[in-house]
Amino acid sequence: MKSPVTKPTFKLAFCAIIAALAVVLMLITSIVPVGTYALPCFAGGLLVAVVVEYGAKWALGVYAVVSVLSFFIAGDKEAVLYFAVLFGYYPVLKAFFESKVKSRILQYIFKFAVFNAAAVGSFFIAVKLLAVPAEEFTLFGIYMPLAFLAFGNLFFLLYDFALTSFVMLYVRKIREKLLRSFK
């Protein structure tokens with residue numbers, strides 16, 4: 001008999017639960033002031049479980065569902081943009097880079113290239129399409145998108161390390177407890 005964890009219905013239910021949790025986090029972005037930046041990161045981090053259990057294909061499906069649902073029902077469209085443009089698919093991309101590219105330096109070059117392209121793209125989309133006011137990118141009256149990009153790169157490095165730590169925590173501790181009752 002096939003293990004319930006590998007049955008298509010269990011896969012679908014598992015991915016639906018992860019998607020629902022991620023959408024809830026995206027909904028909270030309109031309530032929590034720092035949610036615009038932090039909650040898309042957490043929502044994307046949930047996809048780690050899908051990547052580990054069922055691979056990139058299923059994780060990209062969850063990413064697509066969360067992106068579309070968040071676009072329609074989340075209040076903070078800037079947070080949805082950050083999820084859709086980077087944090088939603090980054091766990092899949094991270095797994096791909098770390099499994100296919102052997103050089104750590106090349107891994108980080110690729111990761112930072114993706115982040116910077118996503119950050120610059122998000123900036124222009126936010127300003128042009130979402131009509132985010134330029135005051136959002138000022139500090140003490142000085143227009144500072146390049147400084148924000150520099151801080152964003154530092155934040156991204158921390159996010160990458162945190163995601164790596166979460167992957168290890170999930171695989172070593174959470175996974176066994178989560179799936180034990182279904183085997």
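Reader: Let's start with one residue: in which helix is C15 found?

Author: C15 sits in helix α1. Keep in mind as we go that this is a predicted model.

Reader: Is C15 buried or exposed, and why?

Author: The idea is to ask how much of a residue's area stays accessible, and buried means under 20% relative accessible area. C15 has 5% relative accessibility, so it counts as buried.

Reader: What does C15 touch, once residues up to four places away in sequence are not counted?

Author: Its partners are V50, Y54, W58 and V62. You can also look at C-alpha distances: C15 and V65 are 50 residues apart in sequence, and their C-alpha atoms are 10.0 Å apart in space.

Reader: Which other residues of α1 are buried?

Author: Besides C15, the buried ones are F10, F14, I18, A19, A22, V23, L25 and M26. Here's the general idea for reading such a list: an α-helix has 3.6 residues a turn, so residues three or four places apart point the same way. Try looking for that spacing in the list yourself.

Reader: And what covers the buried residues of α1?

Author: The cover includes α2 (35-54), α3 (56-73), α4 (77-87) and α7 (145-179).

Reader: Could we take V23 as a second example? What does V23 touch, not counting residues up to four places away in sequence?

Author: V23 is in helix α1, and its contacts are V66, L69, S70 and I73. With 8% relative accessibility, V23 counts as buried. One of those partners, I73, is 50 residues away along the chain, yet the two C-alpha atoms are separated by 8.8 Å.

Reader: How do I check the length of a helix? How far apart are the end C-alpha atoms of α1?

Author: You work out an expected span at 1.5 Å a residue and compare it with the model. For α1, the 21 residues (8-28) should span 30 Å, and the end C-alpha atoms are 30 Å apart, which agrees. α2 passes the check too: its 20 residues should span 28 Å, and its ends are 28 Å apart.

Reader: How many residues of α2 are buried?

Author: 15 of its 20 residues are buried, so α2 is mostly covered. Just after α2, look at G55, where the backbone takes a positive phi of about 95 degrees.

Reader: Let's zoom out. How many helices and strands does the protein chain have?

Author: There are seven helices and two strands. Reading along the sequence, you get the pattern α-α-α-α-α-α-β-β-α. Of the chain's 183 residues, 38% count as buried.

Reader: What share of the contacts with a separation of 6 or more comes from residues 24 or more positions apart?

Author: Those residues account for 70% of such contacts in the protein chain. As for the outside, the accessible surface comes to about 10500 Å², and 75% of that belongs to carbon and sulfur atoms.

Reader: What about residues that are neither buried nor exposed? Why does L178 count as partly exposed?

Author: Partly exposed is the range between buried, under 20%, and exposed, over 50%. L178 has 38% relative accessibility, so it counts as partly exposed. This residue is found in helix α7, and, leaving aside neighbours within four places in sequence, L178 is in contact with F14 and Y170. K77, in helix α4, is also partly exposed, with a relative accessible area of 31%. The C-alpha atoms of K77 and T36 are separated by 8.7 Å, although the two residues are 41 apart along the chain.

Reader: Now for pockets. How much space lies in the largest pocket, and which residues lie nearest its centre?

Author: With a pocket, ask about its volume, then its lining. The largest one holds about 680 Å³ of space. Its lining has 23 residues, and Y37, Y82, A119, F148 and G152 lie nearest the centre. α2, α4, α6 (104-128) and α7 each supply at least two lining residues. By type, the lining divides into 18 nonpolar, three polar and two charged residues.

Reader: And which residues line the second largest pocket?

Author: Among them are L25, A38, C41, F42, F155 and F166. This pocket has about 230 Å³ of space. α7 gives the most to its lining, with six residues. The lining divides into eleven nonpolar residues, one polar and no charged.

Definitions and conventions
Residues numbered from 1 in each chain as written. Predicted model: local features only at pLDDT ≥ 70, side-chain atom pairs only at ≥ 80, totals over all residues. Heavy atoms only, no water. Helix = DSSP H or I, 4+ residues; strand = E, 2+ residues; numbered from the N terminus. Expected span 1.5 Å × (residues − 1). Buried < 20%, exposed > 50% of the residue type's maximum accessible area, 1.4 Å probe, protein only. Contact = heavy atoms within 4.5 Å. Areas by Shrake-Rupley, 256 points an atom, 1.4 Å probe, with all protein chains shown as cover. 1 Å grid on protein atoms, 1.4 Å probe; cavity = no way out; pocket = protein on both sides within 12 Å on 5 of 7 lines; lining within 4 Å. Points joined across faces, edges and corners; volume = space filled by probe spheres on them. Nonpolar A, V, L, I, M, F, W, Y, C, P; charged D, E, K, R; others polar.
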